[in-house]
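Please read the chain below alongside its model. The report moves from the whole fold to single residues.

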Amino acid sequence: MATLVGNDSSAQTVGDTSSVSTETWYFETGYTASATGTADTANIRIHTLVAGTECRIGVYDSGKNLLATSAAVPVSATGWQSATISVAISNGALYYLAIKGNGYIQPYLDSGGFLRGTGATSTYPTLPDPMGGTVGNSGGNNIAIYLSGPTSDTIAPIPATPLVGNLRW
C-alpha cells in the first residue's frame, strides 16, 4: 500500500492536548496528493487512548466539499489506527482531511498547538458538507493522518524491438 495523500510520518512527538470533541472537528490546511489511486485505508496516529472512543476521517476536495467518510476508527489504543474508506485520489490535487469523534481524540502533531475548524458543526458520525467555517491554528501543525491504497501511477513499458530482422550474417 502506498501513501496517496496526507502525513504518514512518525516524527510527531507532541500530543494534541486540546482534543477533538463531539462538536469540534479538526482539519489540515490541505495536502497535495503524491500519487493517483483509490484510497482504501484511512490512518491516524493516536497519542492518548480514550476507551470506547472512535472517530471518522473525512476527505474533502479543494473546494472543501465532502468526498468520502471512513468507517469508524477505534481510539482505544495509541499509535497508528486505521479504518476502511473508498475514495479516488488524483496525483497533484489538493485534499483536506478532517477528523470527527464521538468523544475526545488526541492525535499526534509535529509541533505544539492545535488545528480546529469551527462554524460548520455536525453530530457524530456525520462530517459537515461543505466544510465551511473558519480555522484556528496555534502553530502551523501537521496532524499524523493519511490515506493509503494501491496506486495507478505506472510507467508505460518500453516495447521490445525484435532483433532478428536487424541481424546480418
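What follows is a short account of the fold, two backbone exceptions and two strand residues.

**Overall fold**

This is a predicted model. The protein chain has zero helices and 14 strands. Read along the sequence, the pattern is β-β-β-β-β-β-β-β-β-β-β-β-β-β. The chain holds 169 residues, and 41% of them are buried. Contacts reach far along the sequence: among those with a separation of 6 or more, 81% join residues 24 or more positions apart. The exposed surface comes to about 8100 Å². Carbon and sulfur atoms supply 54% of that area.

**Backbone exceptions**

Most residues other than glycine have a negative phi, and most peptide bonds are trans. Two places in this chain depart from those habits.

One is the peptide bond between D129 and P130, which is cis, with omega at about 5°. P130 sits in the loop between β12 (115–118) and β13 (134–137).

The other is K64. Its phi is positive, about 65°, although K64 is not a glycine. K64 also lies in a loop, the one between β6 (54–60) and β7 (66–69). Is K64 buried, partly exposed or exposed? K64 counts as partly exposed, because its relative accessibility is 26% and the partly exposed class runs between 20% and 50%.

**Two strand residues**

V5 belongs to strand β1 (residues 2–6). Its relative accessibility is 1%, so V5 counts as buried. Which residues does V5 contact, leaving aside neighbours within four places in sequence? They are Y31, T32, A33, I89, Y95, L97, Y146 and L147. V5 can also be paired with A93: the two are 88 residues apart in sequence, yet 9.2 Å apart in space, C-alpha to C-alpha.

Q81 is placed in strand β9 (residues 79–89). Q81 counts as buried because its relative accessibility is 14%, and the cut-off for buried is under 20%. Not counting residues up to four places away in sequence, Q81 touches A42, N43, I44, I46, V73 and P74.

**Accessibility side by side**

The table gathers the accessibility values and classes.

| Residue | Relative accessibility | Class |
|---|---|---|
| V5 | 1% | buried |
| Q81 | 14% | buried |
| K64 | 26% | partly exposed |

**In brief**

The chain is built with 14 strands and zero helices. V5 in β1 is a buried strand residue, and so is Q81 in β9. The cis bond joins D129 and P130, while the positive phi belongs to K64.

Technical notes: Residues numbered from 1 in each chain as written. Predicted model: local features only at pLDDT ≥ 70, side-chain atom pairs only at ≥ 80, totals over all residues. Heavy atoms only, no water. Helix = DSSP H or I, 4+ residues; strand = E, 2+ residues; numbered from the N terminus. Buried < 20%, exposed > 50% of the residue type's maximum accessible area, 1.4 Å probe, protein only. Contact = heavy atoms within 4.5 Å. Areas by Shrake-Rupley, 256 points an atom, 1.4 Å probe, with all protein chains shown as cover.
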